[in-house]
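Welcome! Have a look at the chain below, then work through the exercises at your own pace.

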Amino acid sequence: AVVSTQSTGEQAKNDKIDVQMLYDMLESIKNDSDAVPLTPLSCKFLQTSLHQRAHFVAVYKDNPLKRQTVITSLDTLKKSHADEDAISCLIIGTENRELFILDPEAFTVLVRQSLPSEPVFIRSTGLYDVDYRILVACRNGSVLVLKKGLNTPKFCITLNSHPVGIERLGKNIVVATMDNVLMCYSNKIKSLWIINFDQQITCIAAMDYKAKTFKGVLVGLSNNEIRLYRDKFLISSLACSDTPAMLQFGRYDREDSSLVVITKSGGLLVYILKRNTDLSQGVATGSVGPSPQQYTKLNVPRKTKTFVEQTMRERESGVRMHRQFQHDLYKLRLTTAQHFVQALQKKMTPVSVSSSAPLKIAANVQGIGPMFRLTIEVMNTSSSVPIMGAYIMLVTNETLYVLEKCYIALPLLVPGLSYTVNVMVRCTSEQGVTDSINVFVYVKGRSAAALTAQIDMPASEAMIVG
């Protein structure tokens with residue numbers, strides 16, 4: 001768009017096109033989604049009214065077209081050596097969705113990369129002359145990776161909210177977002193852990209304590225607190241006089257382990273880490289390393305003579321015991337399968353396995369005796385086919401129970417509806433003897449029962465004579 005705007009301006013300067021044609025050409029460049037944004041002078045021309053455009057072109061046609069932007073983020077990248085005092089290249093992210101890598105000596109542009117959104121945080125690793133990776137957190141909630149030799153950035157993480165900060169700890173990526181969440185990802189973009197905060201996260205910074213090979217992340221919160229985390233464990237916390245807006249851990253003067261804090265009100269705070277500080281244990285949410293309970297000695301009872309003899313027997317007869325266990329297990333499986341086949345053959349299952357008469361039955365007994373109420377529920381489990389001509393037959397020991405009715409005709413069984421039948425049962429025995437009642441469900445035209453249920457009757461209470 002710069003080239004197109006430049007050529008359009010040259011044509012207007014040499015009076016090759018009129019004002020209206022210039023306006024139409026700039027408007028088409030503006031509406032082109034793939035084009036680079038227009039220069040401020042071109043945007044100002046599009047905002048002028050119709051009768052002021054000719055005067056605007058006459059005044060500004062000799063001015064050069066320049067597109068100025070604003071720097072949104074900065075970082076450095078070692079050029080050829082990884083030493084602390086080695087020369088570094090400057091990485092600049094701009095408001096017009098571009099990223100630049102500048103030569104530290106000639107200040108020329110080494111790399112110019114277009115981004116899909118405005119960069120707000122940049123973190124780099126590696127060497128420019130060898131290989132490097134640049135993490136870019138954008139304003140639209142995406143995290144990009146730029147590698148040496150790649151012409152386009154690679155999407156790696158899509159955040160649920162806008163980023164507050166991004167840091168790289170070794171091979172892991174730590175990202176903080178505006179929904180008060182701190183997340184950690186591996187190099188392969190696999191989520192490792194997530195921490196939710198009650199307070200708003202204002203800033204984060206990486207902490208590399210080389211004296212004790214400690215790496216962690218510092219998190220600034222809106223309640224004037226700075227927390228130090230190693231992985232997802234809280235190691236330490238620090239109360240500040242104001243809300244932290246920026247954190248930086250590193251060398252300050254002669255101290256190698258210093259924390260510089262810029263507060264929201266514009267203040268500058270410097271904290272120096274004590275050399276004898278123990279960062280191996282956490283203080284709040286957990287501890288790093290094994291739990292201290294595992295070092296507690298257990299009160300294990302002494303080995304008795306029976307225990308020793310049983311242990312010796314298991315050692316000597318281990319193979320035989322295992323074979324006996326396998327034999328019993330196979331026998332149990334065989335018995336279970338035989339009973340299951342027997343239940344299917346005698347229609348003893350509560351749900352019919354026949355596709356022509358898919359029925360389901362449930363029965364229960366109410367009462368304490370000698371009168372009981374037998375409730376039977378029948379349902380057609382078919383999806384669309386009704387069943388006609390179904391009936392119920394009740395069979396029991398007539399010397400113990402007297403049934404109100406033994407034959408019950410069922411109406412048309414509509415799929416999905418439950419039909420309930422109540423039958424009164426009177427126990428004639430006064431000796432507390434119990435038996436069962438067999439329930440058979442038949443379908444007209446078939447000799448075999450579609451379903452069979454066996455109801456065990458409870459013991460009857462003695463009849464109370466008034």
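Before starting, note that this is a predicted model, in which local features need pLDDT of at least 70 and side-chain atom pairs count only at pLDDT 80 or more, while totals for chains, interfaces and linings use all residues. Residues are numbered from 1 along each chain as its sequence is written, and side-chain values use heavy atoms, with hydrogens and water left out.

**Exercise 1. Find out how confident the prediction is, and where pLDDT stays under 50.**

Step 1: pLDDT is the predictor's confidence in each residue, from 0 to 100. The chain averages 83, and 87% of the residues score at least 70.

Step 2: Residues 283-288 stay under 50. For this stretch the model has 18 contacts beyond four places in sequence, a contact being heavy atoms within 4.5 Å.

Step 3: Where pLDDT is low, the predicted coordinates should not be read in detail.

**Exercise 2. Describe the secondary structure and the burial of the chain.**

Step 1: Helices (H or I, at least four residues) and strands (E, at least two) are DSSP runs, numbered from the N terminus. The chain has six helices and 27 strands.

Step 2: Call a residue buried under 20% relative accessible area, exposed over 50%, and partly exposed in between (1.4 Å probe, protein chains only). Of the 466 residues, 35% are buried.

**Exercise 3. Place Ser-73 and Val-164 in their strands and list what they touch.**

Step 1: Ser-73 belongs to strand β1 and is buried, at 6% relative accessible area. Beyond four places in sequence, its contacts include Ile-91, Gly-93 and Phe-121.

Step 2: Val-164 sits in strand β9 and is also buried, at 13%. Its contacts outside four places in sequence include Phe-121, Met-178 and Cys-203.

Step 3: Phe-121 lies 43 residues from Val-164 in sequence, with 8.4 Å between their C-alpha atoms.

**Exercise 4. Why does Cys-240 form no disulfide with Cys-203?**

Step 1: A disulfide is a covalent bond between the sulfur atoms of two cysteines. Here, the rule is a pair of cysteine sulfur atoms within 2.5 Å.

Step 2: The cysteine sulfur closest to that of Cys-240 is in Cys-203, and because 9.0 Å separates them, they are too far apart for a bond.

Step 3: By this rule, the count is zero disulfides.

**Exercise 5. Which residues lie nearest the centre of the largest pocket?**

Step 1: On a 1 Å grid over the protein atoms alone, a pocket is an open set of points where a 1.4 Å probe fits, with protein on both sides within 12 Å along at least five of seven lines. Lining residues have an atom within 4 Å of a point.

Step 2: Ala-206, Asp-208, Lys-210, Gln-248 and Phe-249 lie nearest the centre, out of 45 lining residues. Among the elements giving two or more residues to the lining are β1 (71-78), β9 (163-169) and β17 (244-252).

**Exercise 6. Compare the settings of Ile-189 and Asp-253.**

Step 1: Most residues other than glycine have a negative phi. Ile-189 has a positive phi of about 60°, and phi of Asp-253 is near 60°.

Step 2: Ile-189 is in the loop between β11 and β12, whereas Asp-253 is in the loop between β17 and β18.

Step 3: Ile-189 is partly exposed at 29%, while Asp-253 is exposed at 64%.
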